[in-house]
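Visitor: I would like to learn how to read a model like this one. Where do we begin?

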There are 2 protein chains.
Amino acid sequence: MLNRSIESSCGQLRGRSIITNALAMELETSPLALPFPEMPPIEGVTLRVARARYKDWDRCDLTFVELCEGTSVAGVFTQSACASTEVELGRKQVNGGTARALIVNAGNSNAFTGYRGAEAVEQIMTQVGEGLGCAPDQVFVSSTGVIGVPLPKDRAREGVAAVLNSAPCGWKDAADAIATTDTFAKGAHSSAMIGETRVELCGIIKGSGMIAPDMATMLGYIFTDAAIAPAFLQEILAEANGKTYSCITVDGDTSTSDTVLAFATGKAGNAQIESWDSAGADAFAAALTDICRSLAQLVVRDGEGASKFIAVRVSGAVSDASARRVGLSIANSPLVKTAIAGEDANWGRVVMAVGKAGEPADRDKLSIAFGGVWAARGGVPVENYDEAPVAEHLKGAEIDLAVELGMGDGAGTVWTCDLTHGYISINADYRS
Amino acid sequence: MLNRSIESSCGQLRGRSIITNALAMELETSPLALPFPEMPPIEGVTLRVARARYKDWDRCDLTFVELCEGTSVAGVFTQSACASTEVELGRKQVNGGTARALIVNAGNSNAFTGYRGAEAVEQIMTQVGEGLGCAPDQVFVSSTGVIGVPLPKDRAREGVAAVLNSAPCGWKDAADAIATTDTFAKGAHSSAMIGETRVELCGIIKGSGMIAPDMATMLGYIFTDAAIAPAFLQEILAEANGKTYSCITVDGDTSTSDTVLAFATGKAGNAQIESWDSAGADAFAAALTDICRSLAQLVVRDGEGASKFIAVRVSGAVSDASARRVGLSIANSPLVKTAIAGEDANWGRVVMAVGKAGEPADRDKLSIAFGGVWAARGGVPVENYDEAPVAEHLKGAEIDLAVELGMGDGAGTVWTCDLTHGYISINADYRS
């Protein structure tokens, strides 16, 4: 019965007709879902999926991304003290700077599984390395799903053998195969001009619950044909992470397995970007931040039970970092999230969440607005506050909450979703 | 419509037949409720209640506690940066060391009301001071309820006039009158021997949602007939707070108004306790900690939507403070709380919550038990783990969750409740 300990409500694919071993639970596609975008192929990147049957289901749950020789890699990972073997290895592997393959296992996070879990990952790295003729440490592995069950080595071996020989597939198939409790496939695309060369960035991501990335998010992968040095790719990925994945939260619960990896094949033929002084560095960094923001927001749009997508915009903080922490305090507050679920412009709860954030704030300088309408300014309720437009705004699915602290020039935006009966149902009503 | 911004779901008295202005919501008494205990009178303390009608209800909502001359006072307050006027004044008043009166307003927290809120508090202090013939700053005021609506001065004036002339009442009446969303009246009693003198301690408390006291809890009051110097009373109250109020959480949301005050009339006639070297100091501190723990646990037992009372016992941390922070990370995790609501021994979520706590931990030394049965030891699931007794334990209303970190000798216990549909209903389904 070890599969009762799960990372999230794994094994249920909402919006799909999957019946798992212990559970028949079918959830609707998130009302905040976006359609999967058109995404171009990335030269040097080949996608394949297969059925390893890590759970008792009939779906592709093993994803294999083959990367051409010379692909740069960078990554950001959870800061959890109980991180999975995959995360621990990944932290070391990115230091090598190059990658030839990515394997993603869905249905089993392999976290908290000691040496047996580590053996399974090493087996996969060796098997893929032999198949591609590369060093095992150029094979990156991620796993998501049940915590505490070692990844079954026999299923992994057969799955890898199958996927190495399968036909290439498209982005949507890969996005589906890495999903667990996600209710829709998530991908994003951006591009940049580097001199006269146009480079493409494509990314896929999964995540729905246990979302409060500390340095990264559940599992996200970005692929680009740009030529870029690994050290600089790492630098700009970390910077983008601070403004994107680290600014989303569904439930404040940080996963053991959060990982975002960026792979750059160099096939676009641009002059390699080495530093901020290289041509196109700013444009590429902007495109990378753009795709990271899109992917991060997609995770919030699939937040467990979410009915509203909420942008918490904090300004007037003593620093950008302080603004982010105030934003997260608001975005993680159960009372704020339930108020918005109830379409209640309960700014008193926002005052509370600002006050508990542990950041510099002054009650008598604080202003709060919903949908651009100030409810409180300078520490007091606005006289003759007209609630009608605010009530109308809160009936919508896209909520804008602005907080001005009046302390300095720091600003930042955090994205979250509301807290509804759906979250309780997914995580309490159904035994996993 | 400013009363839409509320501190909690104020105005609804669950378990009572109160219909408020905007809302007819009657909630059942918490299944974790305890009966109100027998509590002796404290010499030098006189309780009175009256109807100020701070909301459109027919109940006593103004409490007046008269204290004899020479009463020592100590207090701990929220660390919120957006604290109410009452809290700001209280922080200064306790430095004086003596008190003659306590006024508690229920139904309006008077928080985030600027100068108008401050005027209302000063009016009450002056009016009570004139009535008793004492300095206004010996009159302590607390308020709980709606955030953002200045306490109405006319109702306060009439209420105070009425309560000054009303007949004395008992502890239960006072505990009822300070309540807002509470579903049962909360009181506790302890006693200590100081030399040959027996001293009594009686306390009342209110709180149900917005509970994550940072230095104190919602509103709690302890009265004793012991003779004790204010500075030492402050010292031992702060110490007790660290082990009691600061170790409970319902929803992780820290209020703007958290206050705990201790009043000592000295009427027991013991030799005054001046320091740890005084006779009976240890016994009195133990009795104070005991009553604080009882009161704090009563708040958790009335947590919004709570169906289970959960003790999270953390050992093997690098320090006691680290153990408490790990315990709070577990106790505030929506995924842990919903798992327990679903009677699911989902220890993988406990691993997650330990990992995200930001405290020293080592995945491969971590052990987790429910109801005394180890599910995981030393970083791996227990072989042949028998889930039957754990499942039985989780069906009960009193849950014991033990986490051994294997890092050092630090230990601590945190108390919380589960996260259920009831919490969502109270805070989202009903407009306030």
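Visitor: What turn and what shift lay chain B on chain A?

Guide: Keep in mind that this is a predicted model. A turn of 180° with a shift of 0.0 Å along the axis lays chain B on chain A, at an RMSD of 0.0 Å. The two copies are therefore related as by a two-fold rotation axis.

Visitor: Which C-alpha of chain B is nearest the axis?

Guide: That of His421(B), 3.0 Å from the axis.

Visitor: How many residues does each chain give to the contact?

Guide: Chain B gives 60 residues and chain A gives 60. The same surface serves both copies, since 100% of the contact residues of chain B recur in chain A.

Visitor: Which elements of chain B give two or more residues to the side that touches chain A?

Guide: They are α8 (334-341), α9 (347-355), β13 (380-381) and α11 (421-429) of chain B. The largest share, 7 residues, comes from α9(B).

Visitor: How do the residues on that side of chain B divide by type?

Guide: Into 27 nonpolar, 21 polar and 12 charged.

Visitor: Now a single chain. Why can chain A be called as compact as a globular protein of its length?

Guide: Compare the radius of gyration with a rule for globules. Chain A has a radius of gyration of 22 Å, close to the 22 Å that the globule rule gives for 432 residues, so chain A is as compact as a globular protein of that length. The C-alpha atoms fill a box of roughly 70 × 55 × 35 Å along the principal axes.

Visitor: What share of chain A counts as buried?

Guide: Of its 432 residues, 63% count as buried, with 20 or more other C-beta atoms within 10 Å. Sequence separation is another thing to read. Among contacts in chain A with a separation of 6 or more, 81% join residues 24 or more positions apart.

Visitor: What secondary structure does chain A have?

Guide: It comes to 11 helices and 15 strands.

Visitor: Which domains does the assignment give for chain A?

Guide: Domain 1 spans 27-301 and domain 2 spans 309-429. Their C-alpha centres lie 32 Å apart. The contact between them takes 12 residues from domain 1 of chain A and 14 from domain 2 of chain A.

Visitor: Which elements give two or more residues to the domain 1 side of that contact in chain A?

Guide: They are β8 (248-249) and α6 (281-301) of chain A. The largest share, 3 residues, comes from α6(A). The residues on this side of domain 1 divide into 7 nonpolar, 4 polar and 1 charged.

Terms used. Residues are numbered from 1 along each chain as its sequence is written. Chains are lettered from A and ligands numbered from 1 in the order in which they are written. This is a predicted model: local features need pLDDT of at least 70, side-chain atom pairs count only at pLDDT 80 or more; totals for chains, interfaces and linings use all residues. Domain bounds come from an automatic or database domain assignment. Two residues are in contact if their C-beta atoms, placed from the backbone, lie within 7 Å. Helices (H or I, at least four residues) and strands (E, at least two) are DSSP runs, numbered from the N terminus. Ala, Val, Leu, Ile, Met, Phe, Trp, Tyr, Cys and Pro count as nonpolar, Asp, Glu, Lys and Arg as charged, and the others, Gly among them, as polar. The radius of gyration is taken over C-alpha atoms; the globule rule is 2.2 Å times the number of residues to the power 0.38. A residue is buried if 20 or more other C-beta atoms lie within 10 Å of its own, exposed if 12 or fewer, and partly exposed in between; C-beta atoms are placed from the backbone. Copies are superposed by least squares on the C-alpha atoms of residues with pLDDT of at least 70 in both.
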